[in-house]
Amino acid sequence: MTDEEKTEEVEVPVHPFPVELPGAKTRTLMWANEWEIESQAVQMIRDVGSLEWVDELRIMPDVHLGKGATIGTVIGSKNAICPSAVGVDIGCGVNAVKTNLTRDDVDDHLKAIRFAIEGAVPVGFNSHGEALKRKDLSEISDKKHNLVNKVNNLLAGFSELEAPGASKLEERAGKQLGSLGGGNHFIELCYDEEGAIWITLHSGSRNVGKELAERHIEIAKSLPQNKDLPKNVKDLSVFVRNTPEMLAYRYDVSWAQDYAAVSRSIMMGLVRRELTRAVPKVRFEDEINCHHNYVAEETHLIDGEEVDLIVTRKGAISATAGELALIPGSMATGSYIVRGLGNEASLTSASHGAGRKMSRSAAKKKYTVEDVKESMKGIESRKDEGVIDEITHAYKDLHAVVDAQTDLVEKVTHLQTILCVKG
């Protein structure tokens, strides 16, 4: 047999996912093998699936340990929401915009652009000195995003927030609107496979989302239906459909999701402004702006029947047919622009990123500033002690994570980072 004939006989491997978690009380389909997931996270998945209000459970390939539920979890429930499963960074998500620029247009300006972005967008615990004015918002709006109207609508809804003491959060929420935060949140310039420059960013609902979430989580824990929950699942206390507590939470979580999305659009506007000042010929395409910590009411095809579900995605994105999204990796590995395939097996969901494989504390113990510098060669960014916990080695392989879900999304292009702003 010739080498050519041998090559022709090689079979393309069948996509191995999803796999079903054996012994789970609720049907749990996973886009990761059980042996690839840390044991504590597997137990957490089983705990979530053991609750009577969980009707469908899906696990994404970036799955890792979280609070209440693992990051990379999709929960389908007919009658309840667990606020802890939504998480404290309500509406956390990503934004991406393609430009007409290439690397030749920006390479000589990267340091100046980074400093300009860091001057325009507060990072970490910082915020704008005061809420952005109408003039500032008008300046950074584009034809499709009238930020003045969006902010006005957002602030008009603030007085209706239901969480105890929410009114005390308004001033800080106004100042933090359009600010980045810290941790794994970022602003990046990247280039795609054809050489075009993209702006990408990742952020959420800042302190106001955290405060609203924590107050509702405490309310849920006090409700009668959650009194007898075992200690190991107490964080998974729920609100039941059509109760006053559920309705109050749904209003607040919807508001916080809007806050996060508007905040990302404001930051994108600020970055567009600074990039325009550096390279005046730049032009921008439409935003891709999507949540990956959120809740939505959706209809899904389950066992051949349409079922109305409350879907919670904690570290997962919507991937309906044709829907564009961004799946980011670590500081050094860039991101993927993907297009959803509308796979009902995953409740039309996909992963939100590469996912951590090492805790922040473990990364700080193992790696040094020199390791950061080595991993970030060629990328304009901070390279100091403050970002050691975000080193690329603390994350799973982005390419492997995306390859594990080729039945959920198709790759549009890979984005390689050349500039990174971190909190």
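In which sense do β14 and strand β15 pair, and over how many bridges? The pairing is antiparallel and extends over 5 bridges. The legends below describe this hairpin and other close-up views of a predicted model.

**Figure 1. The hairpin of β14 and β15 contains a glycine with positive phi.** Strand β14 covers residues 324-328, and 4 of its 5 residues are buried, so this strand is largely enclosed by the rest of the structure. Its partner, strand β15, spans residues 335-340, and the two strands pair in the antiparallel sense. Within the pairing, alanine 325 has valine 338 of β15 as its bridge partner. The hairpin has 6 residues between the strands, and glycine 334 takes a positive phi near 70°.

**Figure 2. An open sheet of 6 strands shows mixed pairing.** The order of the strands is β1-β2-β3-β4-β12-β11. Strands of a sheet pair through backbone hydrogen bonds, either parallel or antiparallel. The edges are occupied by β1 (19-20) and β11 (293-302); each has a single partner strand, so one side of each is left without a neighbour in the sheet. At one of these edges, β11 is joined to strand β12 (residues 305-314) by 10 bridges, and the two strands run antiparallel. Valine 295 is matched there with threonine 312, its bridge partner in β12. Helix α10 packs on the sheet, where it touches β11 and β12, and its direction makes about 110° with that of β11.

**Figure 3. Helix α2 lies across β2, β3 and β4.** The direction of α2 runs at about 160° to that of β3. Helix α2 comprises residues 39-49, and its buried residues are Ala41, Val42, Met44, Ile45, Asp47, Val48 and Gly49. The cover over these buried residues includes β2 (28-30), β3 (56-64) and β4 (71-77).

**Figure 4. Helices α9 and α10 cross at roughly 165°.** The axes of α9 (residues 206-221) and α10 (residues 244-278) come within 10 Å. The crossing angle makes α9 roughly antiparallel to α10. The crossing in which α9 passes α10 is left-handed. Helix α9 contributes Arg206, Val208, Leu212, His216 and Ile219 to the contact, while α10 contributes Glu245, Ala248, Tyr249, Asp252, Trp255, Ala256 and Tyr259. By class, the residues of this contact divide into 8 nonpolar, 1 polar and 3 charged.

**Figure 5. Helix α7 packs against α10 at an angle of about 155°.** Helix α7 covers residues 147-156, and its axis is 10 Å from that of α10. This angle makes α7 roughly antiparallel to α10. The crossing of the two helices is left-handed. From α7, the contact involves Leu147, Lys150, Val151 and Leu154; from α10, it involves Trp255, Asp258, Tyr259, Val262, Ser265 and Ile266. The residues of the contact of α7 with α10 comprise 7 nonpolar, 1 polar and 2 charged. Trp255 and Tyr259 of α10 also take part in the contact with α9.

**Figure 6. Backbone geometry is shown at proline 18, asparagine 242 and threonine 348.** Most residues other than glycine have a negative phi, and most peptide bonds are trans. The peptide bond from phenylalanine 17 to proline 18, by contrast, is cis, with omega near 5°. Proline 18 is located in the loop between α1 (3-9) and β1. Asparagine 242 has a positive phi of about 70° although it is not a glycine, and this residue belongs to the loop between β9 (239-240) and α10. Threonine 348, also not a glycine, has a positive phi of about 45° and is placed in the loop between β15 and β16 (349-351). Is each of these loop residues buried or exposed? Asparagine 242 is exposed, with a relative accessible area of 63%, whereas threonine 348 is buried, with a relative accessible area of 6%.

**Figure 7. Threonine 406 lies in the loop between α13 and β18.** The flanking elements are α13 (398-403) and β18 (409-422). Threonine 406 is partly exposed, with a relative accessible area of 41%. The C-alpha atom of threonine 406 is separated by 8.8 Å from that of leucine 341, and the two residues are 65 residues apart along the chain.

How values were computed:
Residues are numbered from 1 along each chain as its sequence is written. This is a predicted model: local features need pLDDT of at least 70, side-chain atom pairs count only at pLDDT 80 or more; totals for chains, interfaces and linings use all residues. Side-chain values use heavy atoms; hydrogens and water are left out. Buried means under 20% relative accessible area, exposed over 50%, partly exposed in between (1.4 Å probe, protein chains only). Helices (H or I, at least four residues) and strands (E, at least two) are DSSP runs, numbered from the N terminus. Contact means heavy atoms within 4.5 Å. Two strands pair if DSSP finds at least two bridges between them. Axes are lines fitted to C-alpha atoms, for helices over the stretch in contact, and angles run from 0 to 180 degrees between N-to-C directions. Angles under 35 degrees count as roughly parallel, over 145 as roughly antiparallel, 65 to 115 as roughly perpendicular and the rest as oblique. A crossing is left-handed if the near helix is turned anticlockwise from the far one by less than a right angle, and right-handed if clockwise. Ala, Val, Leu, Ile, Met, Phe, Trp, Tyr, Cys and Pro count as nonpolar, Asp, Glu, Lys and Arg as charged, and the others, Gly among them, as polar.
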